[in-house]
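Hi everyone, thanks for coming. I'd like to walk you through one structure today, so please have a look at it on the screen before I start.

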Amino acid sequence: MHLPDGLISLWQAVIYWILAIIPLIIYAFKISKSQQKDKLIINTGIFAAVTLVASSLSIPSPFGVPLHFFIIPLVAILLGPLTGVAVAFLCLLLQFLFLGMGGLTTLGSNILAIGVAMSFSTYLFYKLTFDLDEKLSVFAGTLMGIIIATITNVLILVFAGVATLEMLMATLIPFYLFIAVIEGVANVVIVSVISQVKPEILKLDKI
């Protein structure tokens with residue numbers, strides 16, 4: 001889902017950059033006003049490091065294309081959607097600079113899909129289903145977060161004119177649905193373990 005440079009036009013890249021920067025500005029403003037500023041910054045840094053390492057690992061898949069887990073849904077569930085966007089920004093920037101993943105002009109579009117769309121849709125579906133069942137809410141949030149991010153990515157590519165909607169829906173949706181199910185189950189296990197071992201993490205301020 002890391003779009004490289006050259007796929008989208010410059011004017012589209014500028015629009016995506018603007019849309020990506022807005023939640024980052026809101027995140028910075030909320031952090032500056034928080035009484036737990038230092039703790040929130042430290043938590044963001046820790047989760048950014050974990051996400052960078054975990055999402056950079058390549059795992060073989062039956063599709064013939066290696067899997068890369070996102071981790072952003074877990075961050076959004078534990079620390080809130082704006083923190084998810086901030087972590088995505090840090091990870092995507094570092095992955096571009098040091099691993100050659102993604103691109104500079106497309107960084108805004110990548111943040112928009114993997115950061116903004118994934119974080120906010122994850123948190124929305126997590127909160128909507130939380131009263132039904134906590135484990136279900138973690139799975140539903142993760143699943144829908146990745147699916148909405150994939151749809152966002154599909155629309156970005158369609159608007160860029162690099163592929164047809166039919167082709168992208170037939171290839172990207174099944175692939176990322178597969179990842180979403182696996183990551184959803186993994187996040188249920190992770191949150192369950194955290195609730196037993198370090199329940200205070202679940203009570204951290206969410207931004």
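Let me begin with a pair of charged side chains: Glu200 forms a salt bridge with Lys198, and the closest N and O atoms are 3.2 Å apart. By salt bridge I mean a side-chain nitrogen of Lys or Arg within 4 Å of a carboxyl oxygen of Asp or Glu. Searching the whole structure turns up 1 salt bridge. In general, side chains of opposite charge can pair when their charged atoms come close.

Are these two partners buried or exposed? Neither word fits, because Glu200 is partly exposed with a relative accessible area of 41%, and Lys198 is partly exposed at 42%. The scale I use is this: buried is under 20% relative accessible area, exposed is over 50%, and partly exposed is in between, with a 1.4 Å probe and protein chains only.

A quick word on what you are looking at. This is a predicted model, in which local features need pLDDT of at least 70 and side-chain atom pairs count only at pLDDT 80 or more, while totals for chains, interfaces and linings use all residues. Residues are numbered from 1 along each chain as its sequence is written, and side-chain values use heavy atoms, with hydrogens and water left out.

Now to the inside. The largest nonpolar core has 52 residues, and the members touching the most others are Phe70, Val87, Met118 and Tyr176. A nonpolar core here is a set of buried Ala, Val, Leu, Ile, Met, Phe, Trp, Tyr and Cys residues joined through side-chain atoms within 4.5 Å. Which helices supply it? At least two residues of this core come from each of α1 (10-33), α2 (37-56), α3 (72-79), α4 (81-99), α5 (107-129), α6 (134-160) and α7 (165-197). The largest share, 9 residues, is from α7. Helices are DSSP runs (H or I, at least four residues), numbered from the N terminus.

Next, the aromatic rings. A pair of aromatic rings is described by the distance of the centres and the angle of the planes. My rule for Phe, Tyr and Trp (its six-membered ring) is that centres lie within 6.5 Å; planes under 30 degrees apart are stacked, over 60 edge-to-face, and the rest tilted. How many aromatic pairs does that give? The count is 4.

One of them is Tyr126 with Phe130: the ring centres are 5.5 Å apart and the planes sit at 70 degrees, so this pair is edge-to-face. Tyr126 is buried, with a relative accessible area of 9%, whereas Phe130 is partly exposed at 33%. Another edge-to-face pair is Phe175 with Tyr176, at 5.0 Å centre to centre and 75 degrees between the planes. Both Phe175 and Tyr176 are buried. Ring pairs also join Phe70, Phe175 and Tyr176 into a cluster, and you have already met Phe70 and Tyr176 in the core.

Phe130 has a charged companion too: Lys127 lies over its face, 6.0 Å from the ring centre. For that I ask that NZ of Lys or CZ of Arg be within 6 Å of the ring centre and within 35 degrees of the ring normal.

Let's visit the loop between α2 and α3. Ile71 is located there, and its phi is near 70 degrees, a positive value in a residue other than glycine. For context, most residues other than glycine have a negative phi. Ile71 is buried, at 15% relative accessible area. His68 is in the loop between α2 and α3 as well, but His68 counts as partly exposed, at 23%. The C-alpha atoms of His68 and Ala54 are 8.0 Å apart, with their positions 14 residues apart in sequence.

Two helix residues are worth clicking on. Gly84, in helix α4, is buried with a relative accessible area of 0%. Its C-alpha is 9.8 Å from that of Tyr27, 57 residues apart along the chain. Ala180 lies in helix α7 and is also buried at 0%.

Leu165 is another α7 residue, and at 40% relative accessibility Leu165 is partly exposed. Leu165 and Val154 are 11 residues apart in sequence, and 7.1 Å apart from C-alpha to C-alpha.

That's my tour. Thanks for listening!
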